[in-house]
Amino acid sequence: MSWTTPSVSPRVVGVSPAAGCRCETPRVTADRTFSDSIVVAAPPEAVYDLVSDVTRTGEWSPVCVACWWDEGATGAVGDWFTGRNVTPERTWETRSQVVAADRGREFAWVVGGSRARWGYTLEPVDGGTRLTESWAFLPDGLAFMAERYGEQAPEQVELRTRMAHEGIPVTLAAIRRVAEA
């Protein structure tokens, strides 16, 4: 089955009322990527130590309530972990592999080995760290959605895109609260 993803206009939003914070420049693009940034009053290494500890994800994610490492994993590139996600409609688990682990700079993982990429980049700035969370729906993820959901795939892709768009600012604000506590 083939289908096309509806076009999404890039947008810039300066204030995220749901997150209760001023976030920098979130963007959603037609190729299904999104990122947003926030400044955290902590050094990049401390923020990295927080976001790279996937076992703490449930403290800040509005959807991913728990994560755990595979036995022997340390958070290095190539390591795998499982995440449990919960929405009012359903609960599901995903398997993810770490693809970037550079302390104080970047931590990222790919869901399902090749379906979606999530990550954090960190940049030292006056007053702390600019933390950017990014998300990208990868081509294999779009193909998976088409195979799994058939004619409902475009709606499911749109739902996942909306969840990332709404969830990232909330996540960043919660990470800042935890890091600055």
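Q: What is the relative accessible area of Asp 49, and is Asp 49 buried, exposed or partly exposed?
A: This is a predicted model, and Asp 49 sits in helix H1, residues 44-51. Partly exposed covers the range between the 20% and 50% cut-offs. Asp 49 falls there, so the label is partly exposed, with a relative accessible area of 37%.

Q: Which residue does Asp 49 meet in a salt bridge?
A: The partner belongs to the loop between strand S5 (91-102) and strand S6 (106-111), 54 residues apart from Asp 49, so the pair links distant parts of the chain. The partner is partly exposed too, at 49% relative accessible area. With an N to O distance of 2.7 Å, the side chain that meets Asp 49 is that of Arg 103.

Q: How far apart are the closest N and O atoms of Arg 105 and Asp 102?
A: Arg 105 is exposed, with a relative accessible area of 56%. Asp 102 counts as partly exposed at 39%. The two form a salt bridge, and their closest N and O atoms are 4.0 Å apart.

Q: Which parts of the chain does the salt bridge between Glu 158 and Arg 32 tie together?
A: The closest N and O atoms of this pair are 3.0 Å apart. The two residues are 126 residues apart in sequence, so the bridge ties together the places where each one lies. Those are helix H3 for Glu 158 and, for Arg 32, the loop between strand S1 (27-28) and strand S2 (33-40).

Q: Which residue of that pair counts as buried?
A: The cut-off for buried is under 20% relative accessible area. Glu 158 has 30%, so Glu 158 counts as partly exposed. At 1% relative accessibility, the buried residue is Arg 32.

Q: How many salt bridges does a search of the whole structure find?
A: Side chains of opposite charge can pair when their charged atoms come close. Among the pairs here are Arg 103 with Asp 49 and Glu 158 with Arg 32. The search of the whole structure gives a total of 8.

Q: What is the nearest side chain of opposite charge to Arg 160, and how far away is it?
A: Arg 160 is found in helix H3, residues 153-180. Arg 160 is buried yet has no salt bridge. A salt bridge needs the atoms within 4 Å. The nearest candidate is 8.9 Å away, and that side chain is Glu 89.

Q: Which side chain joins Arg 160 in a polar contact of 3.3 Å?
A: Setting aside neighbours within four places in sequence, Arg 160 is in contact with several residues, including Arg 90, Trp 135, Phe 137 and Met 145. The side chain in the 3.3 Å polar contact is that of Tyr 149.

Q: How many disulfides does the structure hold?
A: The sulfurs of Cys 64 and Cys 67 are 3.4 Å apart, too far for a bond. A disulfide needs sulfur atoms within 2.5 Å. Both cysteines are buried, Cys 64 at 10% relative accessible area and Cys 67 at 9%. The number of disulfides is 0.

Q: In what order do the elements run from the N terminus on?
A: The chain has 3 helices and 8 strands. Of its 181 residues, 42% count as buried. From the N terminus on, the order is β-β-α-β-β-β-β-β-β-α-α.

Q: What share of the exposed area do carbon and sulfur atoms supply?
A: The chain exposes about 9200 Å². Of that area, carbon and sulfur atoms supply 50%.

How values were computed:
Residues numbered from 1 in each chain as written. Predicted model: local features only at pLDDT ≥ 70, side-chain atom pairs only at ≥ 80, totals over all residues. Heavy atoms only, no water. Buried < 20%, exposed > 50% of the residue type's maximum accessible area, 1.4 Å probe, protein only. Helix = DSSP H or I, 4+ residues; strand = E, 2+ residues; numbered from the N terminus. Lys, Arg positive; Asp, Glu negative; His and termini not counted. Polar contact = N/O pair within 3.5 Å; in protein donor to acceptor, adjacent residues only side chain to side chain. Contact = heavy atoms within 4.5 Å. Areas by Shrake-Rupley, 256 points an atom, 1.4 Å probe, with all protein chains shown as cover.
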